[in-house]
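Here are my notes for you to read with the model open beside them. Take the points one at a time and find each residue as you go.

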Amino acid sequence: MGEEKKENVICDKSYAFALRIIKLYKFLTGEQKEFVLAKQLLRSGTSVGANVEEAIAASSKADFIHKLNIAAKEARETSYWLRLLKDSQYIPEKAFDSIHEDCMQLRKIISKILITMKSNL
């Protein structure tokens, strides 16, 4: 039952994060005219939530862990693209700080769920 609450939190946070990524993508492609990095960010940033959803529908604990590991990797990749966009001055530091903090929170939550699941095997 405690795990269900964590799954809901991660679902909600990863979905909200995906929406933020989509808004950032629109800004990057519309105002900044940056398409290549923006597309990479869109793919990895929205993939986090998609893999969380797949994990919740997993057919086994091993499948759940596998899908959540993919979500963790996508979150890590998203952090990379965000840092690159900030350092290349496509996004302002203040905007970066906010969305990157959300990304880091997702990574921490996913990591804690994975540690818990692996210790219960």
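1. Let's begin with Lys112, which has its place in helix α4. Lys112 counts as exposed, because its relative accessibility is 59% and the cut-off for exposed is over 50%. Compare its position with that of Phe17: the two are 95 residues apart in sequence, and their C-alpha atoms are 18 Å apart in space. Do keep in mind while you look around that this is a predicted model.

2. Stay in helix α4 and look for His100, which lies there too. Is His100 buried or exposed? His100 counts as buried, since its relative accessibility is 13% and buried means under 20%. Setting aside neighbours within four places in sequence, His100 is in contact with Ser79, Leu82 and Arg83. Hold on to the name Leu82, because we'll meet Leu82 again as one of the residues with the most contacts inside the largest nonpolar core.

3. Now for the charged pairs. As a bit of background, side chains of opposite charge can pair when their charged atoms come close. How many salt bridges does a search of the whole structure find? The search turns up three, and the next points go through them.

4. Take Arg20 and Asp102, whose side chains meet in a salt bridge with an N to O distance of 2.5 Å. Arg20 sits in helix α1 (residues 2–30) and Asp102 in helix α4 (residues 93–119), so this pair ties together parts that are 82 residues apart in sequence. Arg20 counts as partly exposed, with 28% relative accessibility. Asp102 is partly exposed as well, with a relative accessible area of 26%.

5. Another salt bridge joins the side chains of Lys67 and Glu54, at 3.1 Å from N to O. Lys67 belongs to helix α3 (residues 61–87) and Glu54 to helix α2, and this pair, 13 residues apart, links distant parts of the chain. Glu54 counts as partly exposed, at 40% relative accessibility.

6. The remaining pair to find is Asp87 with Lys86, a salt bridge whose closest N and O atoms are 3.1 Å apart. How accessible is Asp87? Asp87 is exposed, with a relative accessible area of 56%.

7. Lys67 turns up again when you look at Asn51, which lies in helix α2 (residues 36–56). Not counting residues up to four places away in sequence, Asn51 touches Lys67, Ile70, Ala71 and Glu74. Asn51 is buried, because its relative accessible area is 8% and the cut-off for buried is under 20%.

8. Next, the nonpolar interior. Which residues have the most contacts inside the largest nonpolar core? They are Leu41, Leu68 and Leu82, in a core of 30 residues. Helices α1, α2, α3 and α4 each supply at least two residues of this core. For a closer look, pick Leu41: leaving aside its neighbours within four places in sequence, Leu41 is in contact with Ile21, Leu24, Leu28, Thr46, Thr78, Trp81, Leu82 and Leu85.

9. How do the helices sit against one another? Start with α2 and α3, which pack at an angle of about 160° with their axes 8 Å apart. These two are therefore roughly antiparallel to each other, as angles over 145 degrees count that way. The crossing of α2 past α3 is left-handed.

10. Then try α3 and α4. They pack at an angle of about 160°, and their axes are 9 Å apart. That angle makes α3 roughly antiparallel to α4. Here α3 passes α4 in a left-handed crossing.

11. Finish with Glu77, found in helix α3. Which residues does Glu77 contact, leaving aside its neighbours within four places in sequence? Glu77 is in contact with Gln40 and Ser44. Glu77 counts as partly exposed, at 30% relative accessibility. If you want one distance to check, take Glu77 and Met104: they are 27 residues apart along the chain, and their C-alpha atoms are separated by 11 Å.

Note on methods. Residues are numbered from 1 along each chain as its sequence is written. This is a predicted model: local features need pLDDT of at least 70, side-chain atom pairs count only at pLDDT 80 or more; totals for chains, interfaces and linings use all residues. Side-chain values use heavy atoms; hydrogens and water are left out. Helices (H or I, at least four residues) and strands (E, at least two) are DSSP runs, numbered from the N terminus. Buried means under 20% relative accessible area, exposed over 50%, partly exposed in between (1.4 Å probe, protein chains only). Contact means heavy atoms within 4.5 Å. A salt bridge is a side-chain nitrogen of Lys or Arg within 4 Å of a carboxyl oxygen of Asp or Glu. A nonpolar core is a set of buried Ala, Val, Leu, Ile, Met, Phe, Trp, Tyr and Cys residues joined through side-chain atoms within 4.5 Å. Axes are lines fitted to C-alpha atoms, for helices over the stretch in contact, and angles run from 0 to 180 degrees between N-to-C directions. Angles under 35 degrees count as roughly parallel, over 145 as roughly antiparallel, 65 to 115 as roughly perpendicular and the rest as oblique. A crossing is left-handed if the near helix is turned anticlockwise from the far one by less than a right angle, and right-handed if clockwise.
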